[in-house]
Amino acid sequence: MGESGDGWAGRSGLRKRPAVPPPTHAPGGDVTALRELFTELLGHPATVQHLADLTAGSDVRYDMGDTDAHPLVGWFSPDVDLLTPSRPVRLAELARTARPLLLDLTEDGSPARALADWDAQVDIVTAQPQLPAPAATALLLRPDSYVA
């Protein structure tokens with residue numbers, strides 16, 4: 001058993017190529033202009049939010065079958081700061097259980113009382129939203145945090 005010292009690439013006839021192209025292949029004016037455009041666009045919070053939503057997949061709205069549904073239905077739930085009877089919490093923390101969640105944002109807690117018998121199937125939380133508040137009095141969230 002001899003050793004050629006060439007390794008696999010030497011036996012197959014493949015040549016090793018440098019991992020980084022030489023400086024003569026540096027980006028030209030088109031790439032520089034594109035980089036400047038993206039730098040300008042990323043200075044706008046709405047653009048950053050839009051790109052983050054696209055990347056995370058939260059720009060998707062599911063058809064929930066109701067053409068007259070609330071504007072939040074089918075969208076990923078907004079993450080809001082909440083004040084529950086026990087402590088301040090973010091909606092994202094409440095959704096970590098990956099169970100359906102009823103978030104009751106009313107003053108009197110009537111949605112929570114109406115579904116109290118469902119507490120084995122649905123997490124029920126009463127809370128007061130901090131600003132900015134979602135435009136709803138209650139949110140029923142699917143386990144993936146989309147508004148049902």
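Arginine 99 has a relative accessible area of 28% in this predicted model, and because the partly exposed class lies between 20% and 50%, the residue is counted as partly exposed. Its side chain forms a salt bridge with aspartate 123, in which the closest N and O atoms are 2.8 Å apart. This pair links distant parts of the chain, since aspartate 123 belongs to strand E4 (residues 123–126) while arginine 99 sits in the loop between helix H4 (91–94) and E3, 24 residues apart.

A search of the whole structure finds five salt bridges. One of them joins glutamate 93 to arginine 87, with the closest N and O atoms 3.7 Å apart; glutamate 93 is partly exposed at a relative accessible area of 34%, and arginine 87 is likewise partly exposed, at 42%. Another brings together the side chains of aspartate 144 and arginine 142, at 2.5 Å from N to O, where aspartate 144 is partly exposed with 33% relative accessibility and arginine 142 is partly exposed with a relative accessible area of 24%. In addition, Asp79, Asp81 and Arg90 are linked in a network of salt bridges.

Turning to the strands, an open sheet of three strands follows the order E2-E1-E5 and is paired in the antiparallel sense. Strand E2 (88–90) and strand E5 (128–129) are its edge strands, each pairing on one side only. Two bridges connect strand E1 (residues 81–83) with E5, and leucine 82 has proline 129 in E5 as its bridge partner.

Elsewhere, strand E3 (residues 101–104) runs antiparallel to E6 and is joined to it by four bridges, with leucine 103 partnered by leucine 139 in E6. In a regular strand, side chains alternate between the two faces of the sheet. Strand E6 (residues 138–141) accordingly has Leu139 and Leu141 on a covered face, and Ala138 and Leu140 on an uncovered one.

The helices bring a nonpolar surface patch into view, made by Leu34, Leu37, Phe38, Leu41, Leu42, Val48, Leu51 and Leu54 and covering about 650 Å². Helix H2 (29–41) and H3 each supply at least two of the patch residues, and H2 gives the most, with four. Leucine 37, which lies in helix H2, is partly exposed at 42% relative accessibility. Helix H3 (residues 45–56) has twelve residues and reaches 16 Å from its first C-alpha to its last, close to the 16 Å expected at 1.5 Å a residue; after H3 comes glycine 57, whose phi is positive, near 85 degrees.

Conventions. Residues numbered from 1 in each chain as written. Predicted model: local features only at pLDDT ≥ 70, side-chain atom pairs only at ≥ 80, totals over all residues. Heavy atoms only, no water. Pairing = 2+ DSSP bridges. Expected span 1.5 Å × (residues − 1). Buried < 20%, exposed > 50% of the residue type's maximum accessible area, 1.4 Å probe, protein only. Patch = residues over 30% accessible without salt bridge, like charges linked within 9 Å, V, L, I, M, F, W, Y side chains within 5 Å. Areas by Shrake-Rupley, 256 points an atom, 1.4 Å probe, with all protein chains shown as cover. Salt bridge = Lys/Arg side-chain N within 4 Å of Asp/Glu carboxyl O.
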